[in-house]
Amino acid sequence: MIDWPNVTASSNQELGLKPEELQKSKCVLGFIPVIYYSILLCIGVPVNILTAVALCRLASRTKKALYYYLLAVTASDILSQLFIIFVGFLLETAVFHRDVPTLLLHSVSVAEFAANHASIWSTVPLTVDRYVALCHPLLHRQISYPARARKIIAVVLAVSIASGVPFFWWSDMWRDSHSPTALDGVLIWTHVTIIYFLPCSIFLVLNSLIIHTLRVRQREQRCQEEQGTKSVPLQRLGKTTAMLLAITSVFSVLWAPRTIVVIYHLYVSTVHQDWRIHLAYDLSNMLAMLNTAVNFFLYCFVSKPFRSAVRDVILLRGSPLYSRRTLPQQQVPTNASISSLYSGNSKRFQRDFTPLSPHGARKPS
């Protein structure tokens, strides 16, 4: 990222490599990445914390699995910002110039990849949940609830942590002067499959089915309107789907350059040798990390309940909507039981103390 001295040069000279093989590509961006990541961290972390608080309120208020999935995405983005941007780019590279123990470098690499995988794969259950809600609504009512959503999120996080362990042996593309080895090729293809090709394939298939279903329903709605019959409006479904499509589309666009550059590094020219690939790799990483800070603005643009929750958090207000919605639900059974008891007691009172009618009363002898 920054043109620091190559720490592997001395060891390579001892191995007898030629000077042209030791030539390191220049970083033409200089300190721009450091400034960019510092700004991104200062904006992204507070924004994601605000998003997490607002989503926690919405999740506790509505008891919808949707907000639990969005909360998992936000938490994973915070971890990605802390491990990848703060520890990886700023501390290790800009401050310590990666002059730290090798074991620590590889351990941080595992944490970075685990957080990255969790951030991306937390969106997959969200997409599946929206697909089931729109295409199979009856099934969605049976299988989508907060307890199951929390279990699915826990499984995704556990698998993401486990998937980061093999990347303990990930090579430093900026400083390793040798060509990618067979192990590097396996790790690179595993990486791009996990973070891009596989999730994007799932997004493409499910989003296509969702869009097809919405178009069919819109045609049916227009036919019903022409016939004069009432139909269910699709505005809420459209907004939720728009938010999902925005999240997945932004991810696909921002992560595509890095995927291309990594594959190009594997087969054509390495980052260490070609300054143009070095530049492309730096820019693609900057674009990919931007994905960890944009979801807040997408939520605000699409979701009115989210904007209201954010406003309440900023103004340090409670959630009156929560009290309005939950208290009647809690009071209705109580009132029903009280009214039933009261009606039963009143009937008993009338039966015990109502004077007999003249027809049923005995005449005194």
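Helices H12 and H13 lie roughly perpendicular to each other. The model is predicted. This briefing covers that helix pair and the second largest pocket, which has a volume of about 710 Å³.

**Helix pair H12 and H13**

- H12 spans residues 295-302, and H13 spans residues 304-314.
- Their packing angle is about 115 degrees, and the axes are 6 Å apart.
- Angles of 65 to 115 degrees count as roughly perpendicular, so the pair is placed in that class.
- The crossing of H12 past H13 is left-handed.
- On the H12 side, the contact is made by Phe296, Tyr299, Cys300, Phe301 and Val302.
- On the H13 side, Lys304, Phe306, Arg307 and Val310 meet them.
- Sorted by class, this contact holds 7 nonpolar and 2 charged residues, with no polar ones.

**Second largest pocket**

- The volume of this pocket is about 710 Å³.
- It is lined by 31 residues.
- Closest to the pocket centre are Arg98, Ser109, Trp170, Ser171 and Asp172.
- Four elements each give two or more residues to the lining: helix H4 (65-95), helix H5 (102-121), helix H10 (235-267) and helix H11 (275-290).
- H5 contributes the most, with 8 residues.
- The lining is mixed in class, with 13 nonpolar, 10 polar and 8 charged residues.

Technical notes. Residues numbered from 1 in each chain as written. Predicted model: local features only at pLDDT ≥ 70, side-chain atom pairs only at ≥ 80, totals over all residues. Heavy atoms only, no water. Axes fitted to C-alpha atoms, helices over the stretch in contact; angles between N-to-C directions. Parallel < 35°, antiparallel > 145°, perpendicular 65-115°, else oblique. Left-handed = near helix turned anticlockwise from the far one by under 90°. Contact = heavy atoms within 4.5 Å. Nonpolar A, V, L, I, M, F, W, Y, C, P; charged D, E, K, R; others polar. 1 Å grid on protein atoms, 1.4 Å probe; cavity = no way out; pocket = protein on both sides within 12 Å on 5 of 7 lines; lining within 4 Å. Points joined across faces, edges and corners; volume = space filled by probe spheres on them.
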